[in-house]
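Reader: I've got this model open and I'd like a close look at a single part of it rather than a full tour. Could you pick one piece and walk me through what it packs on and what it's tied to?

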Amino acid sequence: MSTGGVQKCVFCDIIWNRPVQHLKASEKVVMIQDRSPHAPHHYLALSKCHINQPGDLTAADVELVEEMERLGRELLREKLKEKGQADTVEDMLRMGFHFPPMIRINHLHLHILYPVSEMSFFNKSVVFRPSRFFHSSKDVLEELKAKRGDKTEENNPEVDAALADSNMK
């Protein structure tokens, strides 16, 4: 490792020494193609800061996870546009993090998979299905924001009141 990162970390090596593999990058995140794609569009958003796994994220990392999600969506839209395809259909997009024991590389990375309908049954239903081993980026963000003390839809009195009003009509 010559310019940064953790020695012998595959993703640190890609981030700091292999710019040819970068599909898109920002100050905090590098996007790459998954080396063993499980969907026609399978990208990884790599944190430039070496964090071993999603369980190590703290409330201070909300912006990092939001950046990973944002850059992943941007790259997907660009790739779809290059192929003349329509914009992203949210129901066909899966974005999330693996949790132990499903982590193969100890460096925080977000999976962006599209379209889910073209994934194998096993990958769609087991490996990348939201569960205790694969958490959606939305769920991870909600948990981090709650730790930070942000109001979420679940504990926001204004949202609860609006829902109660709409149910009474």
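**A close look at one helix and its surroundings**

Author: Helix H4 (residues 137–148) lies across S4, S5 and S6, running at about 75 degrees to S6. Keep H4 in mind, since it comes back as a partner of H2, the helix I'd like to zoom in on. First, the fine print: this is a predicted model, where local features need pLDDT of at least 70, side-chain atom pairs count only at pLDDT 80 or more, and totals for chains, interfaces and linings use all residues. Residues are numbered from 1 along each chain as its sequence is written, and side-chain values use heavy atoms, with hydrogens and water left out. Helices (H or I, at least four residues) and strands (E, at least two) are DSSP runs, numbered from the N terminus. Angles run from 0 to 180 degrees between N-to-C directions, using lines fitted to C-alpha atoms, for helices over the stretch in contact.

Now the sheet. Six strands make an open, antiparallel sheet, ordered S1-S2-S3-S5-S4-S6; two strands pair if DSSP finds at least two bridges between them. Its edges are strand S1 (24–25) and strand S6 (134–136), each pairing on one side only. Strands S2 (residues 29–33) and S3 (residues 41–47) are joined by five bridges in the antiparallel sense, and Met31 has Ala45 of S3 as its bridge partner. Helix H2 (residues 62–82) packs on this sheet, touching S1, S2, S3, strand S4 (94–98) and strand S5 (109–114), and its direction makes about 150 degrees with that of S3.

How does H2 measure up as a helix? With 21 residues at 1.5 Å a residue it should span 30 Å, and its end C-alpha atoms are 30 Å apart, which agrees; the expected span is 1.5 Å times one less than the number of residues. Just after H2, Gly84 takes a positive phi of about 75 degrees.

Turn H2 over and look at its buried residues (buried is under 20% relative accessible area, exposed over 50%, partly exposed in between, with a 1.4 Å probe and protein chains only). They are Val62, Leu64, Val65, Glu67, Met68, Glu69, Leu71, Gly72, Leu75, Leu76 and Leu80. What do these pack against? S1, S2, S3, S4, S5 and H4, where contact means heavy atoms within 4.5 Å.

On to the charges. The whole structure has 11 salt bridges, each a side-chain nitrogen of Lys or Arg within 4 Å of a carboxyl oxygen of Asp or Glu. One of them brings H4 back into view: Glu66 and Lys145 meet at 3.2 Å, N to O. Glu66 sits in helix H2 and Lys145 in helix H4, so this pair ties together parts that are 79 residues apart in sequence. Both ends are partly exposed: Glu66 has a relative accessible area of 32%, and Lys145 comes in at 25%.

There's also a pair within H2 itself. Glu74 and Arg70 form a salt bridge at 2.2 Å, N to O, and being four residues apart in the helix, they are separated by about one helical turn. An α-helix has 3.6 residues a turn, so residues three or four places apart point the same way. Glu74, at 27% relative accessibility, is partly exposed, and Arg70, at 35%, is too. Widen the view a little and Lys24, Glu67, Arg70, Glu74 and Glu78 turn out to be linked in a network of salt bridges.

H4 has a pair of its own kind: Lys138 and Glu142 meet at 3.9 Å, N to O, again four residues apart, about one turn of the helix. Here Lys138 is exposed, at 56%, whereas Glu142 is partly exposed, at 30%.

Last stop, the lead-in to H2. Asp61 lies in the loop between S3 and H2. This residue is buried yet has no salt bridge, and the nearest side chain of opposite charge, Lys28, is 7.7 Å away; Lys and Arg count as positive and Asp and Glu as negative, while His and the chain ends are not counted. Not counting residues up to four places away in sequence, Asp61 touches Ile51, Asp56 and Leu144.
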